[in-house]
Amino acid sequence: EERARAVREAVGFIHHWIFPTQALLEEFQSRGLAMEEAEVLPYGIDEAAFQLPGRGVEPRSLRFSFLGQFMPHKGLEHLLAAVHLMESRLPESVAPWSLRCYGHGSLGRHQLYAGRAFELVSGSKRVIDAGCFPPLDAPRVMRETDVLVVPSLWMENAPLAVLQARAAGVPVIASDVPGVREIMDSPEQGVLVPAGDVVALADAMRSAILEGPRRYTPDPVINYSDHLDRVEA
């Protein structure tokens, strides 16, 4: 109740709303928050840093990456369960592939979650707990990623990792949730699977392994300069 009162009080000071996705705008509307002046404006990113020449790929081990908090709502446990499933069946069990998990655990009530999640793949040599990286290293991480996996269990705002993957031409396997669905608007960007469906997630990863590493020519998202021009306007 105190939180609700604080939110209502804060809303009274807002003259104009800017949402990164239509999904988030609709979420606020559904909660009865007044917003007579509102618009949708995608996040601006430094696209040039991700669009490097010579992005062809050579035959090699397929590299999956997970970028996010090691928290239940991010679906890490479901991703690791999918990996466990893949390692027990052909051809995934013999194909060359790996998963790097970039992120960190929680110091709050979910502080034991990450350890328990990684127990699912404790004997695997494919899964790497890669820890955190400085934000400006994101282009490097995308260059070292063949497929980004976003197994979120709840609606996302507008995942920066998906926008960065889009700018880099990296395919994405993601949960079909609001916020993600909206910014994955082209089949070449990747596939959406039902949130929490371990088998569907494993099947999508299997298809990526069989297809092999690939890149696509990305469509422009929105760069910093355009974003600032829109905000200032």
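**Exercise 1. Which residue stands opposite leucine 148 in β6?** Work outwards from this pair to the strands beside β6.

First, some ground rules. This is a predicted model, where local features need pLDDT of at least 70, side-chain atom pairs count only at pLDDT 80 or more, and totals for chains, interfaces and linings use all residues. Residues are numbered from 1 along each chain as its sequence is written, and side-chain values use heavy atoms, with hydrogens and water left out.

*Solution.*
- Step 1. Serine 65 stands opposite leucine 148.
- Step 2. Name the strands. Helices (H or I, at least four residues) and strands (E, at least two) are DSSP runs, numbered from the N terminus. Strand β3 covers residues 62-67 and runs parallel to β6, with two bridges joining them. Two strands pair if DSSP finds at least two bridges between them.
- Step 3. Turn to strand β7, residues 172-175. Three bridges pair it with β6, again in the parallel sense. Here valine 150 stands opposite alanine 174.
- Step 4. Check the faces of β6, residues 147-150. Val147 and Val149 are buried on one side, Leu148 and Val150 on the other. Buried means under 20% relative accessible area, exposed over 50%, partly exposed in between (1.4 Å probe, protein chains only).

**Exercise 2. Describe helix α7 and its surroundings.**

*Solution.*
- Step 1. Place the helix. α7 spans residues 160-168 and forms a right-handed β-α-β unit with β6 and β7. Right-handed means that, with the strands pointing away from the viewer, the path from the first strand over the helix to the second runs clockwise.
- Step 2. Judge its exposure. α7 is largely enclosed by the rest of the structure, because eight of its nine residues are buried. Among them are Ala161, Leu163 and Arg166.
- Step 3. List the neighbours. The buried residues of α7 pack against α3 (47-50), β3, α6 (138-143), β6 and β7. Contact means heavy atoms within 4.5 Å.
- Step 4. Look just past the end. Glycine 169 takes a positive phi of about 75 degrees.

**Exercise 3. How much space lies in the largest pocket, and which element gives the most to its lining?**

*Solution.*
- Step 1. Fix the term. On a 1 Å grid over the protein atoms alone, a cavity is a set of points where a 1.4 Å probe fits but cannot get out; a pocket is an open set with protein on both sides within 12 Å along at least five of seven lines; lining residues have an atom within 4 Å of a point.
- Step 2. Read the volume. The largest pocket holds about 480 Å³. A volume is the space filled by probe spheres set on the points, which are joined across faces, edges and corners.
- Step 3. Find the centre. Of the 25 lining residues, the closest to it are Leu67, Gly68, Gln69, Leu160 and Ala161.
- Step 4. Find the elements. β3, β6 and α7 each give two or more residues. α7 gives the most, with four.

**Exercise 4. Is histidine 227 buried or exposed?**

*Solution.*
- Step 1. Locate histidine 227. It lies in helix α9, residues 224-232.
- Step 2. Apply the cut-off. Its relative accessible area is 18%, so histidine 227 is buried.
- Step 3. Name the contacts. Histidine 227 touches Leu41, Pro42, Tyr43, Gly44 and Ile222, not counting residues up to four places away in sequence.
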